[in-house]
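Here's a quick briefing to read alongside the model. Have the sequence open and follow along.

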Amino acid sequence: MVLTVLAAALVVAALVLPNTVVGLRPAKFVRIPAEAVIGAAVMLALPRRPRVVLAAVSGAALAAMTVLNLLDMGFNQYLGRSFNLVLDWSLLGDAQSYLEDSLGRTATLAATAGLIVVVLLLFVLLALSMVRLSNLLARHTGTATRGTLVAGVVWITCSSLGLQISGVPIASDRTAAALKIQAHRVSDTLRDEAEFRKVAKVDAFGDTPGAQLVPDLRGKDMIFTFIESYGRSAIEDPIIAPGVDRTLDERTAALAKAGFHAKSGWLTSATYGGSSWLGHSTTMSGLWVNNQQRYRTVMASDHLSLTKAFEKTGAFDTVGVMPGVQKAWPEQSFYGLNKVYNAFELGYRGPKFSWSTMPDQYALQQYQERVHSKKAADGKARMSLLILTSSHQPWAPIPKMVGWDQLGDGSVFKGIQAAGNKPADIIADTTRSRQEYGKSVQYSVTALTQWLERYGSKDTVLVFLGDHQPIARVSGNHASRDVPVAIVAKDPKVLDKVDGWGWTDGLRPAHDAPVWKMSSFRDRFLTAYGSTPHPKRG
């Protein structure tokens with residue numbers, strides 16, 4: 001009897017399971033699932049062999065839907081969107097790598113093995129539960145038939161009258177609705193692939209000659225920088241913002257003292273909580289790259305990236321500094337970078353800071369020594385793309401600023417890393433995660449602006465922005481997708497070109513500063529600095 005009750009509870013729980021963490025309320029689990037009523041009616045009508053087979057297959061199918069619901073739950077919590085059955089399997093490998101960097105290889109292997117066991121058990125237990133319940137129905141046909149009819153009438157009544165418990169409808173068709181959503185999602189994904197290929201072939205500046213691209217930035221020391229997870233929450237969340245806002249104001253004043261001025265606004269990112277490469281490619285391509293399929297399409301295309309526009313002029317040497325890249329990076333061609341320094345080419349001998357391979361300050365100093373301090377070949381100017389990583393989750397441990405002349409090979413960070421917080425102590429604590437996230441953004445902004453203050457020249461133009469908001473546990477379940485963006489320069493003519501944008505003076509954008517889709521930045525920037533559109537159509 002106990003096993004039968006447990007089997008029924010497991011099946012009902014799986015049928016009504018929500019796909020978001022915030023949806024995990026007791027009222028969600030005291031509902032009448034239509035699928036159970038229909039399933040019972042079908043089982044009662046079948047002979048023994050097909051009934052047992054159908055029960056086992058139905059249990060396995062319900063287990064698969066439960067796994068998808070749990071994946072939705074995780075993706076909604078961390079990336080602000082549901083799991084895509086077609087595109088997102090590859091991200092599970094990235095998630096494992098992130099856990100390995102954060103918690104260590106042993107803990108990650110144990111967690112992975114445990115997860116596999118749990119999933120297998122779920123399939124076995126739901127299949128066995130369905131078989132057990134179907135056998136119970138067969139043994140008590142009369143009672144089961146009457147009970148099924150009563151349950152059906154109750155479900156129809158509750159559905160018709162809209163009866164609820166704590167705001168949750170009593171009549172549920174959660175699994176059927178989830179299956180329909182998954183089917184639509186797959187169909188939409190496949191259709192989007194074909195449509196996006198056509199969109200990617202259209203480019204307002206695709207046929208613009210190099211001589212007509214960014215003429216107003218010729219001779220400039222042009223730098224584009226992404227700060228990991230630097231989102232609107234860093235500037236406006238009541239827990240996070242005080243420290244970050246103070247840092248932005250202090251750094252604005254320090255830069256002004258050094259002769260630099262800034263304007264800032266907001267961009268709405270194509271991604272949230274992770275998948276930073278989608279934010280990078282959206283900004284640089286001028287296309288809305290919000291999934292892995294679109295990313296692959298763009299990377300394989302000849303669509304003009306903002307950074308490649310500088311290479312196309314023939315007047316700029318183009319360089320990338322990517323401390324987060326630890327394997328082959330074919331995207332170098334799309335971004336038009338003549339040289340890329342990855343994590344293994346910056347001479348770092350210090351400790352990793354969780355996922356981040358090296359502190360931002362060290363990466364910036366290496367950029368200075370290997371690239372920025374040297375003249376480009378053939379008298380060219382230089383355009384650089386930097387991806388800073390110290391503000392990547394789990395925000396423990398966080399580097400601290402050291403003297404710029406003390407950085408050496410990075411060994412100076414060993415004591416700082418050892419004395420820092422442990423990832424496991426921060427990951428599960430929402431308040432501490434928010435606090436440490438704010439500190440990591442302060443560190444990254446400080447490192448970047450101190451570098452500019454120390455090494456920037458009258459020709460330096462820095463554009464820096466966030467790639468996406470931090471995960472929902474930090475930014476909130478209903479946070480915007482906005483990220484700050486700023487342009488910093490000594491030459492007043494550079495900022496005069498964007499005076500009509502309505503951006504805020506300084507590094508901290510006002511709450512009501514203009515908000516643009518991230519995909520609009522490329523064309524606005526190219527236009528502002530004198531580029532002439534010559535559309536290319538597929």
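The largest nonpolar core has 51 residues, and Phe224, Phe310, Ile487 and Phe525 are the members that touch the most others in it. A second core, separate from that one, has 47 residues, including Tyr230, Val371, Leu386 and Trp451. That fits a general pattern: in soluble globular proteins, nonpolar side chains tend to be buried together. Keep in mind that this is a predicted model.

**Overall picture**
- The protein is built from 19 helices and 13 strands.
- Along the principal axes, its C-alpha atoms fill a box of roughly 90 × 55 × 40 Å.
- Out of 538 residues, 51% count as buried.
- Take the contacts with a sequence separation of 6 or more: 78% of them join residues 24 or more positions apart.
- The accessible surface adds up to about 23,400 Å², and carbon and sulfur atoms account for 60% of that.

**Aromatic rings**
- Searching the whole structure turns up 17 aromatic pairs.
- One of them is Trp329 with Tyr335, a stacked pair with 5.7 Å centre to centre and 5° between the planes.
- Tyr335 has 3% relative accessibility, so it counts as buried, the cut-off being under 20%.
- Trp451 and Tyr455 make a tilted pair, because their planes sit at 45° with the ring centres 6.2 Å apart.
- Those two are 4 residues apart in helix α16 (residues 430-455), so about one helical turn separates them.
- Trp451, a member of the second core, is buried too, at 1% relative accessibility.
- There's also a cluster linked by ring pairs: Phe224, Phe310, Phe316, Trp501, Trp503, Trp516, Phe521, Phe525 and Tyr529.
- Phe224, Phe310 and Phe525 turn up in that cluster and also among the residues touching the most other members of the largest core.

**Charges over rings**
- Trp516, from the ring cluster, has the charged end of Arg524 sitting over its ring, 3.9 Å from the centre.
- Lys517 does likewise with Trp288: its charged end sits over the ring, 4.1 Å from the centre.

**A closer look at Glu436**
- Glu436 is in helix α16, the helix that also holds Trp451 and Tyr455.
- Is Glu436 buried or exposed? With 7% relative accessibility, it counts as buried.
- Leaving out residues up to four places away in sequence, Glu436 touches Trp395, Ile398, Asn421 and Ile426.
- Pro397 is 39 residues from Glu436 in sequence, yet their C-alpha atoms are 8.8 Å apart in space.

**Helices α1 and α5**
- Helix α1 (residues 2-16) has 15 residues, so at 1.5 Å a residue it should span 21 Å, and its end C-alpha atoms are indeed 21 Å apart.
- The buried residues in α1 are Thr4, Ala7, Val11, Ala14, Leu15 and Val16.
- What covers them? The cover includes β1 (32-33), α2 (34-45), α3 (48-79), α5 (105-139), β4 (171-172) and α7 (174-200).
- One of those covering elements, α5, has 35 residues and reaches 51 Å from first C-alpha to last, close to the 51 Å expected at 1.5 Å a residue.
- Buried residues in α5 include Thr108, Leu122, Leu126, Ala127, Ser129, Met130, Val131, Leu133, Ser134 and Leu137.

Technical notes: Residues numbered from 1 in each chain as written. Predicted model: local features only at pLDDT ≥ 70, side-chain atom pairs only at ≥ 80, totals over all residues. Heavy atoms only, no water. Expected span 1.5 Å × (residues − 1). Buried < 20%, exposed > 50% of the residue type's maximum accessible area, 1.4 Å probe, protein only. Contact = heavy atoms within 4.5 Å. Core = buried A, V, L, I, M, F, W, Y, C linked by side-chain atoms within 4.5 Å. Phe/Tyr/Trp six-rings, centres within 6.5 Å; stacked < 30°, edge-to-face > 60°. Lys NZ or Arg CZ within 6 Å of the ring centre and 35° of its normal. Areas by Shrake-Rupley, 256 points an atom, 1.4 Å probe, with all protein chains shown as cover.
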